[in-house]
Amino acid sequence: MPVQKLVVEHNGDEHSVEYDTNYGIEVLRYQLYSLTLVPPENQTLFGDRSVPVENDADLIHISVGGVNKLKLVEKTETTDPSTKASLEEITALEKADEEFARLLQAEEDALAFQQQFAGQGKEEFERRLRPYVDKVLLYEDPVRQEAARKSVPMDELEEKAAIALAKEGKFKSDKAEQDHALLLQLLFWFKQSFRWVNQPPCSRCGFDTVAIGMGNATVEDLRFGGSRVELYRCKKCSATTRFPRYNDPLKLVETRKGRCGEWANCFTLYCRAFGYEARLVLDFTDHLWTECFSDYLGRWMHLDPCEGAFDQPLLYEQGWNKKLDYTIAFAKDGVYDVTKRYTRKWHEILHRRLVTSEANVQEVISNLTKEARRHFSPVERAALENRDKRELDEIERSNYPEEFSCSLPGRQSGSKEWRISRAELGADSNINLPSKDYSCPLRICKDDHVGKIYKSFGSILYQCIDHVKSIPRVMDELKALQKFLVELSAAPFRTRKITIDLKSNMLALSEVLKSDAYESLFQSLSLKSCLDESGKGFVCLDGEPVMTSLALPVAVDILQEMVNNAGSDKYLTDDPAVKVFANCTRVCFGSVQASGEQVPLGIAAAAFDGLKSTKWEEPDGGKGSWIVYKLPDGSMQKLAAYQLTSANDAPERDPKDWVLEGSSDGGQTWYVLDSQKSQFFEMRFMRKTFILTREKQMCNAFRFRFLSVRDTSATSRLQVSCIDLAIHGI
């Protein structure tokens with residue numbers, strides 16, 4: 001690597017410095033700081049003839065080989081008292097500088113080690129990269145892109161993206177936000193629609209198989225890059241099943257199965273098919289994923305389709321405990337060494353990068369990138385070079401340790417035995433961890449529509465309690481309404497409209513549309529019923545489409561619950577949940593924070609969105625966790641009841657013992673409102689209602705302390721589908 005010998009003059013003293021040109025001027029400034037105690041931000045450098053030296057380009061023009069002189073002048077310190085650092089700030093900066101210097105020294109030592117032990121495998125390194133340079137060009141093929149687009153339910157994903165933005169309070173978002181949200185929904189859809197293959201099921205009887213070796217590829221296999229064919233024998237019928245490892249994403253769009261190579265290969269095609277700047281990322285320690293450029297974030301974002309994870313670049317090092325070495329990204333416009341994005345232990349990684357020297361790594365990548373860009377116009381190449389520089393600056397800034405308060409899981413994809421064999425379970429292996437001293441971010445609940453829906457159902461149910469209507473009649477109406485809303489849910493979300501054929505929808509639906517009680521429900525769903533010019537009735541949107549998208553699933557869930565529980569004649573009059581609906585008001589618009597959460601599909605706010613299809617999941621909550629809900633604007637309320645609903649799966653994660661506390665000072669002090677022990681949720685999506693019997697107190701915050709889950713020996717996790725807080729008397 002090029003090294004310049006510099007003599008830097010400062011305040012009459014001369015300091016000799018050996019400057020490594022690979023590191024850039026910012027590292028030089030820190031070297032000078034250690035010699036002169038002039039902070040980097042206060043340094044002004046001058047070369048020959050007092051020419052300012054401000055960036056790497058200026059340093060490059062200083063001749064290499066001889067001794068070159070620089071002059072360091074300290075900028076005039078401001079006298080504004082507001083800018084003077086406190087003793088604590090100075091101490092913190094000194095510690096940060098010491099750590100930075102330690103890391104620089106460790107990096108220098110690692111580079112020296114690498115120079116001594118790295119092989120001369122420049123050709124070997126290029127041989128590893130070359131197939132991926134060619135592979136990513138398949139993503140630009142219009143035929144492959146069209147095949148990918150046709151397989152995606154775009155209306156559904158666009159609706160989910162709009163809902164995700166609305167839950168963050170973004171009802172009017174710009175294109176960058178919309179594209180970002182849609183990309184995440186594409187990732188989640190792909191995670192659900194693609195199948196992971198440990199051992200394929202028997203092609204004859206569907207039973208389990210066991211690997212028996214490799215087979216020969218057919219002409220059809222080779223047509224789609226399936227040169228490797230794994231063979232499996234059925235444990236039941238002994239038939240042989242072939243599993244070609246296809247490399248052509250066109251075939252993978254059809255088969256939708258494989259392991260990380262197939263997943264990342266196919267998902268990167270999907271990203272390109274929908275116009276995202278995308279890269280295929282190769283980890284030499286045997287994993288692949290995708291990167292996309294997010295205009296919303298203004299940077300490249302990590303996406304792992306196997307895990308359904310995004311923007312978690314430290315997942316592999318800190319979650320899976322991977323010992324990374326080379327992490328290389330491939331796109332139509334070049335090859336990129338992005339290893340530093342995925343580590344906070346660069347000096348350790350350097351000890352493992354022994355295929356060839358760093359100089360050879362950079363030379364191979366530079367040559368491949370020039371080759372990829374040879375047909376680009378000068379303007380395009382200049383734009384890419386500017387983007388490359390910004391990315392390099394971003395990666396370098398994030399390369400040094402920082403506080404990281406997010407629990408990253410071990411690997412989730414693949415069988416447990418396979419993950420254990422690869423040592424990628426991380427700490428997430430059904431072992432209860434010590435309590436954490438950090439929490440997940442504060443989140444705002446955009447759930448006022450849930451409160452309106454609950455109130456509307458309360459009015460409907462009160463007809464039974466007050467004997468205005470008979471129970472069978474109300475149940476007929478609810479069943480007809482359920483069927484109608486399910487059909488409406490399937491309609492395109494931007495133009496939801498369904499014609500009402502009263503003859504085919506029974507008298508019950510006619511009664512629903514005429515009732516004032518049901519009209520309130522329709523308003524809470526942002527729907528209205530109308531007549532067209534011919535006199536036919538229909539129901540259509542009455543507001544922003546996303547408001548209906550948010551509300552419809554909540555109403556359908558409640559209707560499903562009521563219909564399922566209608567076996568008892570006394571359900572609509574005696575059930576505690578019905579009484580809460582009829583007599584209470586649901587708390588809404590609060591903020592929530594928890595001891596932990598599973599990003600992205602198990603965040604704390606999901607417990608308050610009224611949907612049974614979502615849940616709050618605490619990865620380390622099996623033997624203790626908490627979740628706090630604060631009322632908006634410091635308002636005070638007396639809690640009358642609360643409800644907990646079990647989640648979709650894994651009953652061992654259900655809460656069993658807990659304490660509910662209230663606070664009147666925003667969470668400074670707490671007092672017990674209710675406690676429960678040995679609670680048992682017999683079914684999935686089961687709602688349990690708890691009426692508070694203690695003397696009610698005015699509170700502006702509530703905290704659940706979950707002490708234990710149903711089976712702590714089977715899981716380290718806690719999960720809850722819904723938490724509903726109700727005020728006013730019963």
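**Exercise 1.** Which side chains does a polar contact of 2.8 Å join?

Solution. The model is predicted, so local features need pLDDT of at least 70 and side-chain atom pairs count only at pLDDT 80 or more, while totals for chains, interfaces and linings use all residues. Residues are numbered from 1 along each chain as its sequence is written, and side-chain values use heavy atoms, with hydrogens and water left out.

Begin with glutamate 159, which lies in helix H6 (residues 154-167), a helix being a DSSP run of H or I with at least four residues, numbered from the N terminus. Its relative accessibility is 14%, and glutamate 159 therefore counts as buried (under 20% relative accessible area, 1.4 Å probe, protein chains only).

Next, set aside the neighbours within four places in sequence: glutamate 159 is then in contact with Phe493, Arg496 and Ser549 (heavy atoms within 4.5 Å). Serine 549 is 390 residues away in sequence, yet the C-alpha atoms of the two residues are 7.2 Å apart. The side chains joined at 2.8 Å are those of glutamate 159 and serine 549 (a polar contact is a pair of N or O atoms within 3.5 Å, one able to donate a hydrogen and the other to accept it).

**Exercise 2.** Find what surrounds lysine 688.

Solution. Locate lysine 688 in strand S28 (residues 687-691), a strand being a DSSP run of E with at least two residues. Lysine 688 is buried without a salt bridge, glutamate 682 being the nearest side chain of opposite charge at 4.6 Å (a salt bridge needs a Lys or Arg side-chain nitrogen within 4 Å of an Asp or Glu carboxyl oxygen). Its side chain does reach the backbone oxygen of phenylalanine 680 at 3.4 Å.

Technical notes
Buried means under 20% relative accessible area, exposed over 50%, partly exposed in between (1.4 Å probe, protein chains only). Lys and Arg count as positive and Asp and Glu as negative; His and the chain ends are not counted.
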